[in-house]
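Trainee: Hi, could you walk me through this structure? I'd like to get my bearings before lunch.

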Amino acid sequence: MKALVTVALILSSISIVMSAYATNQIIHGSKSAAGAKLQTPPAVTAPVVAPQITTSEPRESSAEEAVLTEDSAFKPGSGDKSIANPDKSPASSENTNPRSAVPAQKVVYLTFDDGPSKYTDTIVDLLQKRGIHATFFMIGSQLAGYEESVKRTSELGNYVGLHSMSHNKKKLYDTGKADPFLKEYQQEQALVNELTGTTPWLIRAPYGSKPGVNADIRDRLAEANFKMWDWTVDSKDWSYTDKPDKIVQEVKRQVRRDTEVILMHEKSQTIKALPEIIDYLQKKGYSFAVYKPEMHFSVNFAKDDRL
Ligand SMILES: [Zn+2]
């Protein structure tokens, strides 16, 4: 009898623990609503399987964004080739090629800078129609007036990343100090959180991180848990006004690595070029991925693997 009572006691305490655990799970599993508190940066759970993207110093350029030279970019022979293992794709890529039976090994990240803009919805629609997603780096001072577009971009599965408040070279880089730089991103992070309920930790430096983002700024970014992406392919779309064919050509010329991060902007010529760019990349066997914080890998000109 005593033994039975003991067993009953043990069983009931187990069930109490279990239900407490379940309640806890429900609370912590709930989706954060817009305007929720800023979330802490995610733990990067898969650094081992992330591809090593080596970028290097861009050629000095008067361009709006710096240029990553063709020969200086990703070395095809380098890096962790575990990406070849279909169970270890670098991100939750979207294989849009119906004929391929195995997950694609080649992954491309389309990135769009300088939004939100009057083009944001059109770009998102175009991606939606193709069943793919992209990573957007938006400017904080432009969010007002485009709240719905920003929300929608995020809700439809795209990543809304940070591209500073001002996009102003002078304000961001001329002092060489980390404080004003960090402050712009922290301010923008809070604004994006209010709009989307997400807390982006991935930034892109206006005009690329070289030479403006110095070692001191990188230290502070790393301390603050920010990540920073440059790119491996510069479509130069901003310079080809009314010349979508040139943009397509530029992308074709530069794309060759197993993992590519393509720099584009929210421009009308980019929208015109986009269907052909997507077609080309699919034909080349790429699947399209969107930035996932928990699958972060480094893509920055300084090769700083903390970022
Ligand atoms: Zn920009």
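Trainee: Let me start with a detail: what sign of phi does glycine 197 take, just after H5?

Mentor: Glycine 197 takes a positive phi, of about 80°. Keep in mind that this is a predicted model.

Trainee: And which residues of H5 are buried?

Mentor: The buried ones are Phe181, Glu184, Tyr185, Glu188, Gln189, Val192, Leu195 and Thr196. They cover an arc of only 135° around the axis, which puts them on the same side of H5. On the other side of the helix, Asp179, Lys183 and Ala190 are exposed.

Trainee: Why would residues spaced like that point the same way?

Mentor: An α-helix has 3.6 residues a turn, so residues three or four places apart share a direction.

Trainee: What do the buried residues of H5 pack against?

Mentor: They pack against H3, S3, helix H4 (169-173), strand S4 (202-203) and helix H6 (215-223).

Trainee: How far apart are the end C-alpha atoms of H5?

Mentor: They are 27 Å apart, and that agrees with the 27 Å that 19 residues should span at 1.5 Å a residue.

Trainee: Let's go to H3. Which of its residues are buried?

Mentor: In H3 the buried residues are Ser149, Val150, Thr153 and Ser154. They fall within an arc of 130° seen down the axis, so they line one face of the helix. The elements covering them include helix H2 (120-130), S2, S3 and H5.

Trainee: How does H3 fit in with the strands S2 and S3?

Mentor: Strand S2 (residues 135-138) runs parallel to S3, and four bridges join the two. The chain crosses from S2 through H3 (residues 147-155) to S3, making a right-handed β-α-β crossover. Within the pair, phenylalanine 137 stands opposite glycine 161.

Trainee: Are the faces of S3 covered or open?

Mentor: Both faces are covered: Tyr159 and Gly161 are buried on one side, and Val160 and Leu162 are buried on the other.

Trainee: New topic, the loop between S2 and H3. Which glycine has its place there?

Mentor: Glycine 140 sits in that loop. This glycine counts as buried because 20 other C-beta atoms lie within 10 Å, and 20 or more is the cut-off.

Trainee: Which residues is glycine 140 in contact with, leaving aside its neighbours within four places in sequence?

Mentor: Those are Ser164, Met165, Glu184, Gln187, Glu188 and Leu191. The C-alpha atoms of glycine 140 and glutamate 188 are separated by 5.1 Å, although the two are 48 residues apart along the chain.

Trainee: Where are the cis peptide bonds at proline 116 and proline 211?

Mentor: One joins glycine 115 and proline 116, with omega about -5°, and proline 116 is in the loop between strand S1 (106-115) and H2. Another joins lysine 210 and proline 211, with omega about 0°; proline 211 lies in the loop between S4 and H6.

Trainee: What is phi for histidine 167?

Mentor: Phi of histidine 167 is near 55°, a positive value in a residue other than glycine. Histidine 167 is in the loop between S3 and H4.

Trainee: Last one: how many residues are in the largest nonpolar core?

Mentor: That core has 56 residues, and Val108, Leu110 and Ile262 have the most contacts inside it. Isoleucine 262 has contacts beyond its sequence neighbours that include Val108, Leu110, Trp231 and Val251.

How values were computed: Residues numbered from 1 in each chain as written. Predicted model: local features only at pLDDT ≥ 70, side-chain atom pairs only at ≥ 80, totals over all residues. Buried ≥ 20, exposed ≤ 12 C-beta atoms within 10 Å, placed from the backbone. Pairing = 2+ DSSP bridges. Right-handed = clockwise from strand over helix to strand, strands pointing away. Core = buried A, V, L, I, M, F, W, Y, C linked by C-beta atoms within 7 Å. Contact = placed C-beta atoms within 7 Å. Expected span 1.5 Å × (residues − 1). Arc of directions from axis to C-beta.
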